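Below are notes on one model, set out as numbered points. They cover strand pairing, a few individual residues, the cysteines, and the pockets and cavities.

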Amino acid sequence: MVIVNQQRVPRKRTYLMCSPEHFAVEYAINPWMDVATPVDAALAVKQWDRLRETLVKLGHTVHLLEPQAGLPDMVYAANGAFVVDGIVYGARFKHEQRAAEAAAHRAFYEEQGWRYIAPNETNEGEGDFAYVPEAHGGLVLAGYGFRTDPAAHAEAQEALGRPVVSLHLVDPRFYHLDVALAAIDDTNIVYFPGAFSHASQRVLAQLFPDAVVADDTDALAFGLNLVSDGANVMLNSEATRLAEKLKAAGYTPVPVELTELKKGGGSVKCCIAELRH
Ligand code: ARG
């Protein structure tokens, strides 16, 4: 039998990023953060800039959010909102240290003329929300257990008019959905089952029988914290096994070095919000 590799087709995207000029690990709100670990902010900016350039070279549009002193986690731009069909469901951070970031994101969207819906419930934007546009007519996957309140899942469903599937995260190292699961194209996902409750694993297996499944080594290397344009998959360079799996499935892995931002508990996806028109 001849297995022909599927041809993956990229789609042009619009992204939002925020330079890590003020990045530091000044507090610890996830198990990856250790205030005693020194951070090379200049290297963080260099690595982040390479990621931004990679996206631009692939033909994507990258908007920039002005970084603010005193908000060291602002580089993780994915947490500031969740945008689907041109509607922006705003974030409301769990931890006080990051609370002010939501207003910076809101100002950006309002200035650009997006329809912004302010949340009442705690949620960390794309940190805990993913969108698969052609799966089941357009499906939102939502994580809870550490940051986002499950009440925000219902609120997001009402704001966006798309079905939201709640998934229970059970391992504190995978405190956000986007460190355990990612959309790799318009119909499919990649995920690490061990980050989810058994019941949520069953739900994912039912909805996505053809998903790419990652192992714990790749997950702990932040491999799932990836951004895909449908063909090119930007992922942490340490997740080598996952890169091979994606290649075998017809995608083009684009390894990215983000050693400094990993010290804050994030990687590729955390730095990139997708603005879906
Ligand atoms: N230090 C940040 C926090 O703990 C990291 C956020 C990572 N972002 C993400 N989308 N997972 O909130």
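1. Leu 141 has Val 165 of S8 as the residue opposite. The model is a predicted one, and this pair is a convenient place to start reading it. Strand S8 covers residues 164-168, and S7 joins to it through five bridges, with the two strands running parallel.

2. Leu 141 also has a counterpart in another strand: Ala 130 stands opposite Leu 141 in S7. The strand concerned is S6 (residues 129-132), which is joined to S7 by four bridges in the antiparallel sense. Leu 141 is thus listed opposite Ala 130 and opposite Val 165. As general background, strands of a sheet pair through backbone hydrogen bonds, either parallel or antiparallel.

3. How enclosed is S7 by the rest of the structure? Five of its six residues are buried, so S7 is largely enclosed. The cut-off behind that statement is a relative accessible area under 20%.

4. The hairpin of S6 and S7 has six residues between the strands. Within this hairpin, His 136 takes a positive phi near 55 degrees. His 136 appears again in the lining of the second largest pocket, as does Ala 135.

5. After S7 the unit to check is the crossover. S7, H3 and S8 together make a β-α-β unit, and the unit is right-handed. The loop between strand S7 (139-144) and helix H3 (150-160) contains Asp 149. Asp 149 has a relative accessibility of 33%, so it counts as partly exposed; the class lies between the limits of 20% and 50%. Between the C-alpha atoms of Asp 149 and Ala 107 the separation is 24 Å, with the two residues 42 apart along the chain.

6. A further sheet is open and has three strands, in the order S9-S10-S11, with mixed pairing. Strand S9 (181-183) and strand S11 (212-213) are at its edges; each has a single partner strand, so one side of each is left without a neighbour in the sheet. S9 pairs with strand S10 (residues 189-191) over three bridges, in the antiparallel sense. One of the bridge partners can be named: Ala 182 is matched with Val 190 in S10.

7. How many disulfides does the model contain? The count is zero. Cys 18 is in no disulfide, and the nearest cysteine sulfur, that of Cys 271, is 9.5 Å away. Cys 271 is likewise in no disulfide; for Cys 271 the nearest cysteine sulfur is that of Cys 270, at 6.5 Å. The cut-off for a disulfide is a pair of cysteine sulfur atoms within 2.5 Å. Cys 18 is buried, with a relative accessible area of 0%, and Cys 271 also counts as buried, at 0% relative accessibility.

8. The largest pocket holds about 410 Å³ of space. It is lined by 28 residues, and those closest to its centre are Arg 13, Tyr 131, Ala 183, Glu 274 and Arg 276. Strand S1 (14-18), S6, S9 and strand S12 (227-228) each supply at least two residues of this lining. By class, the lining of the largest pocket has 13 nonpolar, four polar and eleven charged residues.

9. The second largest pocket holds about 160 Å³. Its lining includes Gln 6, Arg 8, Asp 185, Thr 187, Asn 188 and Tyr 251. Leu 207, Phe 208, Pro 209 and Asp 210 are also among the lining residues. The lining of this pocket divides into five nonpolar, four polar and three charged residues.

10. Two cavities reach 30 Å³ or more. The largest cavity has a volume of about 70 Å³ and is lined by 14 residues, with Asn 30, Tyr 76, Arg 98, Tyr 175 and Gly 264 nearest its centre. By class, the lining of the largest cavity has five nonpolar, six polar and three charged residues.

11. The second largest cavity has a volume of about 40 Å³. Among the residues that line it are Ser 19, Pro 20, Glu 21, His 22 and Phe 23, and also Pro 67 and Leu 71. Pro 72, Asp 73, Met 74 and Val 75 belong to this lining too. The lining of the second largest cavity divides into seven nonpolar, two polar and two charged residues.

Notes
Residues numbered from 1 in each chain as written. Predicted model: local features only at pLDDT ≥ 70, side-chain atom pairs only at ≥ 80, totals over all residues. Heavy atoms only, no water. Pairing = 2+ DSSP bridges. Buried < 20%, exposed > 50% of the residue type's maximum accessible area, 1.4 Å probe, protein only. Right-handed = clockwise from strand over helix to strand, strands pointing away. 1 Å grid on protein atoms, 1.4 Å probe; cavity = no way out; pocket = protein on both sides within 12 Å on 5 of 7 lines; lining within 4 Å. Points joined across faces, edges and corners; volume = space filled by probe spheres on them. Nonpolar A, V, L, I, M, F, W, Y, C, P; charged D, E, K, R; others polar.
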